[in-house]
Amino acid sequence: MKDCVFCKIAARTIPAYIFYEDEHTIAFLDIFPRYKYQSLVVPKTHFDSQFSLVSQEVLIQSIITAQKVSRAIESNFSDVLRCTIAIEGLEIPHFHIRIEPYTDNKSNLFGTNFNGVKATDEYLQYVADKIK
Ligand SMILES: [Zn+2]
């Protein structure tokens, strides 16, 4: 879809901290995290975020990637207690799954405020490199 930010990230026409890619999906860090290591899983092809319309194939592919990402986050960061997922889609109308890692603290990491404000590039690069 022409003006979709997630389609542009998948096509690499705008930059993102992508740390996982397979045939159908990509995963990258949310630059406005509410949780430490918060990440997004996105199908490479545009699918509307209206949940009732998402194909079962896309749903399954995305859920499998979300589990791989959750495992990678839990095994690479010792302060992560568990990851949960959320499926929303009001802000960006391209189906996606948000990975929400729960940590034992909300400590500042490279000056990043985990309150939905833009994360620092230093933090994003550190996390992306560690998950890869
Ligand atoms: Zn899209």
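Here is a short friendly note on this predicted model, in numbered points.

1. **Overall make-up.** Let us start with the whole chain. Its secondary structure amounts to 3 helices and 5 strands. Read from the N terminus, these elements follow the order α-β-β-β-α-β-β-α. The radius of gyration is 14 Å, close to the 14 Å that the globule rule gives for 132 residues, so the chain is as compact as a globular protein of that length. The C-alpha trace spans about 40 × 25 × 25 Å along its principal axes.

2. **Burial and contacts.** Of the 132 residues, 33% count as buried. If you take the contacts between residues at least 6 apart in sequence, 57% of them join residues at least 24 apart.

3. **The sheet.** The strands are a good place to look next. An open sheet of 5 strands has the order S1-S2-S3-S5-S4, and its pairing is antiparallel. Strand S1 and strand S4 (80-87) stand at the edges with a single partner strand each, so one side of each is left without a neighbour in the sheet. From one strand to the next, the twist averages 20 degrees. As general background, strands of a sheet pair through backbone hydrogen bonds, either parallel or antiparallel.

4. **Strands S1 and S2.** S1 (18-21) and S2 (25-29) are joined by a hairpin through 3 residues. Their pairing is antiparallel, over 3 bridges. You can follow it residue by residue: Ile18 has Phe28 of S2 as its bridge partner, Tyr20 stands opposite Ala27, and Glu21 stands opposite Ile26.

5. **S2 from its other side.** S2 is also joined to S3, by 5 bridges, and these two strands run antiparallel. Here Phe28 has Leu40 in S3 as its bridge partner. In S2, 5 of the 5 residues are buried, so this strand is largely enclosed by the rest of the structure. Thr25, Ala27 and Leu29 point one way from S2, while Ile26 and Phe28 point the other way.

6. **Helix H2 on the sheet.** Helix H2 (56-76) packs on the sheet and touches S1, S2, S3, S4 and S5. The direction of H2 makes about 155 degrees with that of S3. For a closer look at this packing, try Val69: leaving out residues up to four places away in sequence, Val69 touches Tyr20, Ala27, Ser39, Val41 and Ile99.

7. **Ser62, a residue worth finding.** Ser62 is found in helix H2. Is Ser62 buried or exposed? With 23 other C-beta atoms within 10 Å, Ser62 is buried, because the cut-off for a buried residue is 20 or more. Neighbours within four places in sequence aside, Ser62 is in contact with Thr25, Val41, Pro43 and Ile97. Ser62 and Lys130 are 68 residues apart in sequence, and their C-alpha atoms are 21 Å apart in space.

8. **The nonpolar core.** The largest nonpolar core has 27 residues. The residues with the most contacts inside this core are Ala27, Phe28, Val41, Val69, Ile73 and Ile99. Two or more residues of the core come from each of helix H1 (5-10), S2, strand S3 (39-43), H2, strand S5 (97-103) and H3.

9. **Helix H3.** Which residues of helix H3 (residues 121-131) are buried? They are Tyr123, Leu124, Val127 and Ile131. Seen down the axis of H3, these buried residues fall within an arc of 95 degrees, so they line one face of the helix. In general, an α-helix has 3.6 residues a turn, so residues three or four places apart point the same way. Asp121, Glu122 and Asp129 are exposed on the other side of H3. And what do the buried residues of H3 pack against? They pack against strand S1, strand S2 and helix H2.

Methods
Residues are numbered from 1 along each chain as its sequence is written. This is a predicted model: local features need pLDDT of at least 70, side-chain atom pairs count only at pLDDT 80 or more; totals for chains, interfaces and linings use all residues. A residue is buried if 20 or more other C-beta atoms lie within 10 Å of its own, exposed if 12 or fewer, and partly exposed in between; C-beta atoms are placed from the backbone. Helices (H or I, at least four residues) and strands (E, at least two) are DSSP runs, numbered from the N terminus. The arc is that of the directions from the helix axis to the C-beta atoms. Two residues are in contact if their C-beta atoms, placed from the backbone, lie within 7 Å. Two strands pair if DSSP finds at least two bridges between them. The radius of gyration is taken over C-alpha atoms; the globule rule is 2.2 Å times the number of residues to the power 0.38. A nonpolar core is a set of buried Ala, Val, Leu, Ile, Met, Phe, Trp, Tyr and Cys residues joined through C-beta atoms within 7 Å. Axes are lines fitted to C-alpha atoms, for helices over the stretch in contact, and angles run from 0 to 180 degrees between N-to-C directions.
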